[in-house]
Amino acid sequence: MNREQPLVLGIETSCDETGIGIVRGTTLLANVISSSMEEHARYGGVVPEVAARAHLEALVPALTQALAESGVTLDELDAVAVTSGPGLSGALMVGVGAAKALALSIDKPIYAVNHLVGHVGADALDAQPIAYPTIALLVSGGHTSLLLVRDLVSDVELLGETIDDAAGEAFDKVARLLGLPYPGGPEIDRVAVGGDPKAIRFPRGLSHQKDMAQHRYDFSFSGLKTAVARWVEQTRDSGVDLPMADVAASFREAVVDILMTKAVAACRDLGIPRLLLGGGVVANARLRELAAERCAAADIELRIPPLSLCTDNGAMIAALGAQLIMAGHAPSTLEFGADSTLPATVIQA
Ligand code: KG4
Ligand code: ZN
């Protein structure tokens, strides 16, 4: 096996994206993503069984396409990497099964890796190596996690996470109550244009003194969602036209404000002047803007991978696999299985 520049194929199926990525060391060769998002749209959120079935259908075509795009053949691969958790059980099982079958059939080692750490691993594909330690804020439809990464392959600590809805889920739910389609994030961004983010002061979850003691780096978005629902209902009841742009802008401001407040606090508290962002919510225009502002003000170096590497994808899983190999880690044994609640501290299963 080439340990300096390993050629790794990564498989990601933890949620609604079937991702196949191929990397050589820290170089991206292919990143094919097939999303079942449209199939979930009419339900207003990801339906696990629908996602699992879509993975089954999308896997082989995505694999074929990734190999074609990269000009790599299966027997050239040094290893296969796969997300074994956390995520939706049924969806994970499809990827894990496929990865084991593939690794066995081509007689290559397999690396079962953590999805959350994979999001950080995406940034290893940047020309500039990741500097450690770094704080990482991962925000998507499935997670809102604040990590302390001392070393990508050996030392990741979960500082905090959402105690209820994920940030992306909050966007999706609020969009729904405003009558906007799924996924809600881009819709809220669109409707918020021209709106006043200070028009309505929506609550910032777990930001009060009493919550900060126990939940300093945790997030909560269900109270915010309820507050928006109540405000919308009262406004409608009073017969006034709903100021959609103001509601969207004020809601979005509440989400990104608390995300950045807690992320910057973690950087400050721990004396780590580096912040990495990942996850689908990073597409949010206001989040990117506020992150740049707050990090500049606090002298924090901000890193955001390209959006195609922020949303769920196989390249980040391949990248993490390659990092493990380059650091001399042994492959996983075939005993591992899908683990929907795999903790962030377990980088490799
Ligand atoms: O990472 P991702 O593609 O999949 C997972 O959830 O794992 O993230 C999708 C989530 C959805 O909840 C979607 O509403 C949110 O990311 N999202 C956004 C934006 N674009 C996508 N949230 C806020 N603003 C956006 N522009
Ligand atoms: Zn993710």
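1. A helix and a strand are said to be in contact when heavy atoms of the two come within 4.5 Å. Keep that in mind as you look at this predicted model. Helix 2 (residues 48-70) lies across strand 1 (7-12), strand 2 and strand 3, and runs at about 25 degrees to strand 2.

2. Helix 12 (residues 314-326) also packs on the sheet, where it touches strand 1, strand 2, strand 3, strand 4 (79-85) and strand 5. The direction of helix 12 makes about 135 degrees with that of strand 1.

3. Now for the sheet itself. It is open, has 5 strands in the order 3-2-1-4-5, and its pairing is mixed. Strand 3 (27-35) and strand 5 (110-114) stand at the edges with a single partner strand each, so one side of each has no neighbour in the sheet. Strand 2 (residues 17-24) and strand 3 run antiparallel and are joined by 8 bridges; Glu-17, for example, has Ser-35 in strand 3 as its bridge partner.

4. Next, find the zinc ion (ligand 2). Which residues coordinate it? They are His-115 (NE2), His-119 (NE2), His-143 (NE2) and Asp-312 (OD), at 2.1 to 2.5 Å. The angles among the 4 donor atoms are 88 to 160 degrees, and the site is irregular. His-115 lies in helix 4 (residues 115-121) and His-143 in the loop between strand 6 (134-139) and strand 7 (144-151), so this pair ties together parts 28 residues apart in sequence. Both His-115 and His-143 are buried.

5. Finally, a look at Glu-301, which sits in strand 10 (residues 301-303). Glu-301 counts as partly exposed, at 40% relative accessibility. Leaving aside residues up to four places away in sequence, Glu-301 touches Pro-273, Arg-274 and Leu-275.

How values were computed. Residues numbered from 1 in each chain as written. Chains lettered and ligands numbered in written order. Predicted model: local features only at pLDDT ≥ 70, side-chain atom pairs only at ≥ 80, totals over all residues. Heavy atoms only, no water. Donors = N, O, S within 2.8 Å, 3.2 Å for Na, K, Ca; no water. Tetrahedral: all angles 85-135°; square planar, octahedral: opposite > 155°, others 65-115°. Helix = DSSP H or I, 4+ residues; strand = E, 2+ residues; numbered from the N terminus. Buried < 20%, exposed > 50% of the residue type's maximum accessible area, 1.4 Å probe, protein only. Pairing = 2+ DSSP bridges. Axes fitted to C-alpha atoms, helices over the stretch in contact; angles between N-to-C directions.
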